[in-house]
Amino acid sequence: MKILLAIAQSTRVPVDVILMREWPQGCQIQVLSVVADAKTISAAESFVAPICERIRQTIPHATVRSTVMVACGIVRRIL
């Protein structure tokens, strides 16, 4: 089973929901986050790293990966 977990800096609710469920052996969890106020990639990754570690500790049989995107300040609204 593959799980895509999109998280924002303002909430940890999606993480808590994932951790409350039972997941089968071999599941793969991809954590995706867009960080707006990070000055460096390592600063952005420092937001996601503790979340991934928490998931690994709670669901040790899962493969956990993360992708962090840093927003560059350009906001475009699509109507």
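**Figure 1. Welcome to the whole chain: of its 79 residues, 28% count as buried.** This is a predicted model, and the protein chain comes to 2 helices and 3 strands. Follow the chain along its sequence and you will meet the pattern β-α-β-α-β. Take contacts between residues at least 6 apart in sequence: 75% of them join residues at least 24 apart. The accessible surface of the chain is about 5700 Å², and carbon and sulfur atoms account for 56% of that area.

**Figure 2. A look at how confident the prediction is, with a chain average pLDDT of 83.** A score of at least 70 is reached by 89% of the residues. Confidence is highest in strand β1 (residues 2–7), with a mean of 92, and lowest in helix α2 (residues 41–58), with a mean of 87. Where does pLDDT stay under 50? That happens over residues 75–79, and there the model has 0 contacts beyond four places in sequence. Where pLDDT is low, the predicted coordinates should not be read in detail.

**Figure 3. Inside the protein, the largest nonpolar core has 20 residues.** The residues with the most contacts inside this core are I29, V31, I55 and I59. Strand β1, helix α1, strand β2 (28–35) and helix α2 each supply at least two residues of the core. Which element gives the most to this core? Helix α2 does, with 6 residues.

**Figure 4. A close-up of I29, one of the residues with the most contacts inside the core.** Neighbours within four places in sequence are left aside here, and I29 is in contact with I3, I18, I55, I59, A62, T63, V64 and R65. Two of the names in that list, I55 and I59, also appear with I29 among the residues with the most contacts inside the core.

**Figure 5. I18 from helix α1 comes into view.** Is I18 buried or exposed? Its relative accessibility is 10%, so I18 counts as buried. Apart from neighbours within four places in sequence, I18 touches I3, L5, W23, I29 and I59. One of these partners, I59, is 41 residues away along the chain, and the C-alpha atoms of I18 and I59 are separated by 9.5 Å.

**Figure 6. Here is the 1 salt bridge of the structure.** The side chains of R54 and D16 meet in this salt bridge, with 2.6 Å from N to O. Why does the pair tie together parts that are 38 residues apart in sequence? The reason is that R54 lies in helix α2 and D16 in helix α1. R54 is partly exposed, with a relative accessible area of 35%. D16 is partly exposed too, with a relative accessible area of 31%.

**Figure 7. On the surface, V13, V17 and M20 make a nonpolar patch.** The patch covers about 310 Å². To find V13, look in helix α1 (residues 13–20). The relative accessible area of V13 is 53%, so V13 counts as exposed.

**Figure 8. Our last stop is T40, in the loop between β2 and α2.** T40 is partly exposed, with a relative accessible area of 40%. How many residues apart in sequence are T40 and V70? They are 30 residues apart in sequence, and in space T40 and V70 are 8.3 Å apart, C-alpha to C-alpha.

Definitions and conventions: Residues numbered from 1 in each chain as written. Predicted model: local features only at pLDDT ≥ 70, side-chain atom pairs only at ≥ 80, totals over all residues. Heavy atoms only, no water. pLDDT = per-residue confidence, 0-100. Helix = DSSP H or I, 4+ residues; strand = E, 2+ residues; numbered from the N terminus. Contact = heavy atoms within 4.5 Å. Buried < 20%, exposed > 50% of the residue type's maximum accessible area, 1.4 Å probe, protein only. Areas by Shrake-Rupley, 256 points an atom, 1.4 Å probe, with all protein chains shown as cover. Patch = residues over 30% accessible without salt bridge, like charges linked within 9 Å, V, L, I, M, F, W, Y side chains within 5 Å. Salt bridge = Lys/Arg side-chain N within 4 Å of Asp/Glu carboxyl O. Core = buried A, V, L, I, M, F, W, Y, C linked by side-chain atoms within 4.5 Å.
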